[in-house]
There are 4 protein chains.
Amino acid sequence: MIVPVREFRPGAKGIIFGSTHEQTRGRSGVARQKARTSKADATRRQLLDAALSVIAAHGYSEATVDRIVEEAGVSKGVAYYHFSSKADIAESILVEGIGELITSFETIAAEAPTATDALIAMVELFASVIFENDAFGRFFVAELWRPGRAWSEAMRGHEQRLLALLQAQLERGQREGTVRPEIDAAFEAVALVGMVLTTTLYYIGEGDDLAEARSRFVERIRDFVHHANAVAP
Amino acid sequence: MIVPVREFRPGAKGIIFGSTHEQTRGRSGVARQKARTSKADATRRQLLDAALSVIAAHGYSEATVDRIVEEAGVSKGVAYYHFSSKADIAESILVEGIGELITSFETIAAEAPTATDALIAMVELFASVIFENDAFGRFFVAELWRPGRAWSEAMRGHEQRLLALLQAQLERGQREGTVRPEIDAAFEAVALVGMVLTTTLYYIGEGDDLAEARSRFVERIRDFVHHANAVAP
Amino acid sequence: MIVPVREFRPGAKGIIFGSTHEQTRGRSGVARQKARTSKADATRRQLLDAALSVIAAHGYSEATVDRIVEEAGVSKGVAYYHFSSKADIAESILVEGIGELITSFETIAAEAPTATDALIAMVELFASVIFENDAFGRFFVAELWRPGRAWSEAMRGHEQRLLALLQAQLERGQREGTVRPEIDAAFEAVALVGMVLTTTLYYIGEGDDLAEARSRFVERIRDFVHHANAVAP
Amino acid sequence: MIVPVREFRPGAKGIIFGSTHEQTRGRSGVARQKARTSKADATRRQLLDAALSVIAAHGYSEATVDRIVEEAGVSKGVAYYHFSSKADIAESILVEGIGELITSFETIAAEAPTATDALIAMVELFASVIFENDAFGRFFVAELWRPGRAWSEAMRGHEQRLLALLQAQLERGQREGTVRPEIDAAFEAVALVGMVLTTTLYYIGEGDDLAEARSRFVERIRDFVHHANAVAP
DNA sequence: GATGAATGAGGGTTCATTCAT
DNA sequence: AATGAATGAACCCTCATTCAT
């Protein structure tokens, strides 16, 4: 019995769920203000959105600040008013995005009746999110294993928490007797993330009819994960 | 009964199997000559090796030609004598590396008695290769899904062939009744590549005792793949 | 009766008449702005002036951007902020310079009472301009017949208009009965430009006392042109 | 009465008259040999021909040694065996070409019955030569007034001799009473060269039917020169 | 808060020239 | 005589970042 994924969705906000404003406080020059004006906030959000689309299209290194501010329709100066560097912009995107994922995973973990339900819901949510925001997905894969990337501790921590949440459910499943005991939960968590990410992007890249493809895709991921992990009936 | 993977290995040479020289002829300015001197060939190989290590450490964009030639111990000019651009160097690495993988996969496909044997051998070989040459693996993951990458048709073709070889064995397995019929072979092939790549790099990154870790790792990949695909007994 | 050339001179400004700023708007990255700040405009002009002097001294190919910005006393970056390339800088000079010549020629054409007056005034003005700004003259000759030059359509168009203005007066002269009817006006226009350019530069190169030399020189050009074209009395 | 130009033509040889080998001795490494082998000579000639065509097409600065040796079908090493530098190659072309012109002019000067005959013959020959070898003509114009050009004394000397030969005939014409006494012979010589060069190239550039255009063209040059210089009847 | 002109280090690439073979 | 691999100085251009206004 699968927990309906939709219910786990937090109120729409943030990068990956298409929010329009507010949320994580950066460490930028504006952070000291108790309440940012909505104008400033809108500018910040515009910059993040523009940055995400530019980075998704060309990769982090090839994305230039010029291009980002042009896409955002603001001047170059503001970018450096709201963020301390180009890396700061990019990391904000990643941290916010993964943060949302973590929040959702935590909700799922807390509410799902069984480990199996939780795992399937997590994988499905993950895949859906990437499917609907491939810009973020593309950036995520590229950075996750990019050699020499220099994101902060915060970023590393976020990655670890995301993996830990999956790993925890796998271990819970082993205790519940629904996940094969010989499985290495840490290994499996990485495998899941890698697989979801790569297959999703592959599918999107195919240029199929997305609406139709998505449900088939989620079905496949679910099936794959199920068989890979489930104790034989 | 598993076909011993080792026997499929072609004579050690080339990028990913640690060759020392010779092999694929590039399309560089020098390519028209019938037989490059071994000296020139050595220089070319030095450049490729140096480039691979630099790119693996810092990523393609951050890798500078200056750094590559310094590592190779040659002048900047030769790099452009042997290759037409920085991208050409990088692509040569990728194409040669994937080319070797393809060759090995083809051998496996031709010799393995069953689809299951072939699949396991392929995945095992793939994982082993990445495990032993993480520089190549790192470059491969980074480029495979990098947004806006501009490798040539040749590169695209190589990727497709690699996936096709896996897909073919999955389909063969379905015909042989050992791979679940509801599986989408194309989807599965992508999932396998993504999973092997990401988990391998994760493992290497952990900094464990590699020698020991490797056999456990290969075991896990094999187990995962088996359960995900095999028809329940 | 010769129309006094001086009266045709438009208000002194621009490249060839020694202006200090403003005027033609380039098609550079900054061009979309409604009104550049005078500071930015000054920088742009400094770059053009510096470029002209460097190019005049060493030729386009030998002129380096480094040298130009050094001469202009600005950083390398601004050069590319105001212009899209080295070629763009050079072409701006040419286009602005020829543009001024065209404007003057048009004024002369409109005001001169006879074709003969117009022709003499044009040639005299042309020679004077080159005489006083040999940097521009040198660049002009070099580029006008340089093989493989790749200036834009705008540049080609300007050349054509300049020649057309001369040609029109020659034809007018033929109608007025003061220019020999057997003359090919198009051919003659080219001959005039080539001759003025080459002889002027030759004279300047001689290093004579310029002030004195100039009037003798203009006299000779005028005499030469007169005899070459005039209907015998 | 015009001296038939054709008779002044020296036996076909050299750059501009389409010779096949031999002639001016360079200061290259081969110069000490009393008699170059015909093989070496052929190579040298191939290089000069290739260089001329490349330079004519792209200009001196844009012409690369690589391109020249490729066009000549020889290796890069030989180029530096036969010539000391790229500039040496280019200058050899210029010096040989102008040298032939000088020789022809001297013949004309010695044989023409009157200054008028000589002048017309010279201009006609000059125009014909450029007309038939526009590669040389293009190179000549480009270099003659190129700022910062650094050809040797030999080159300067050749230019001076060419001008001097024209100037001498103009002065002879003044003594003979056929050239207007008020003309400055030195000035006029420069004007003639500049005009012939520029109009010829203009004509060639037009892409007209060359065969037909040429005679009309020569006629115009002759007419122009005649009227510009001749004492009114 | 916001602008856009300015900076300058450094990147990829070209090319005349040299030299071992 | 000839080859072609190798050198390295320079060149054009990019771009993250700063700062006066």
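This text walks through the contact between two protein chains and then through the protein surfaces near two DNA strands. The model is a predicted one.

Start with chains A and B. Two copies of a chain are related by a rotation about an axis and a shift along it. Here, a rotation of 180 degrees with 0.1 Å of shift along its axis lays chain B on chain A, with an RMSD of 0.1 Å. That is the relation of a two-fold axis. Both copies use the same surface: 100% of the contact residues of chain B recur in chain A. To find the axis in the structure, look for B:Ala228. Of the residues of chain B, B:Ala228 comes closest to the rotation axis, with its C-alpha at 2.0 Å.

Now look at the contact itself. Chain B brings 35 residues to the contact, and chain A brings 35 residues. The size of an interface is often given as the accessible area lost when the parts come together. Between chain B and chain A the buried area is about 3200 Å². Carbon and sulfur atoms give 70% of that area.

Polar links cross the contact too. Between chain B and chain A there are 4 salt bridges. One salt bridge joins B:Asp223 and A:Arg180, whose closest N and O atoms are 3.1 Å apart. The count of residue pairs in polar contact between the two chains, both at pLDDT 80 or more, is 8.

Which elements of chain B give two or more residues to the side that touches chain A? They are α1 (38-58), α6 (134-144), α8 (185-205) and α9 (210-229). α8(B) gives the most, with 11 residues. Sorted by class, this side of chain B has 18 nonpolar, 9 polar and 8 charged residues.

Turn next to DNA strand E. The strand is surrounded by 36 residues. The closest are B:Tyr80, C:Thr43, C:Tyr81, C:His82 and D:Val65. Of the strand E atoms within 4 Å of the protein, 69% belong to sugar or phosphate, and the rest belong to bases. Individual atoms show both kinds of approach. At a phosphate oxygen, a side-chain N or O atom of C:His82 is 2.6 Å away. At the bases, a polar side-chain atom of B:Lys76 lies 3.0 Å from an oxygen of strand E. A polar backbone atom of C:Gly77 is 3.4 Å from a base nitrogen of that strand.

Helices from four chains build this surface. Two or more residues each come from α1 (38-58) and α3 (76-82) of chain A, α3 (76-82) of chain B, α1 (38-58) and α3 (76-82) of chain C, and α3 (76-82) of chain D. The surface near strand E divides into 14 nonpolar, 14 polar and 8 charged residues.

DNA strand F comes last. Around strand F there are 36 residues, and the closest are B:Thr43, B:Tyr81, B:His82, C:Lys76 and C:Tyr80. Sugar and phosphate account for 68% of the strand F atoms that come within 4 Å of the protein. A side-chain N or O atom of A:Lys76 is 2.8 Å from a base oxygen of strand F. Two backbones approach phosphate oxygens of strand F: an N or O atom of B:Ser75 at 2.9 Å, and a polar atom of C:Ala63 at 3.3 Å.

At least two residues each come from α3 of chain A, α1 and α3 of chain B, α3 of chain C, and α1 (38-58) and α3 of chain D. The largest share, 5 residues, comes from α3(D). By class, the surface near strand F has 15 nonpolar, 14 polar and 7 charged residues.

Conventions: Residues numbered from 1 in each chain as written. Chains lettered and ligands numbered in written order. Heavy atoms only, no water. Contact = heavy atoms within 4.5 Å. Buried area = accessible area lost by both parts, 1.4 Å probe. Salt bridge = Lys/Arg side-chain N within 4 Å of Asp/Glu carboxyl O. Polar contact = N/O pair within 3.5 Å; in protein donor to acceptor, adjacent residues only side chain to side chain. Helix = DSSP H or I, 4+ residues; strand = E, 2+ residues; numbered from the N terminus. Nonpolar A, V, L, I, M, F, W, Y, C, P; charged D, E, K, R; others polar. Near = heavy atom within 4 Å. Least-squares fit on C-alpha atoms with pLDDT ≥ 70 in both.
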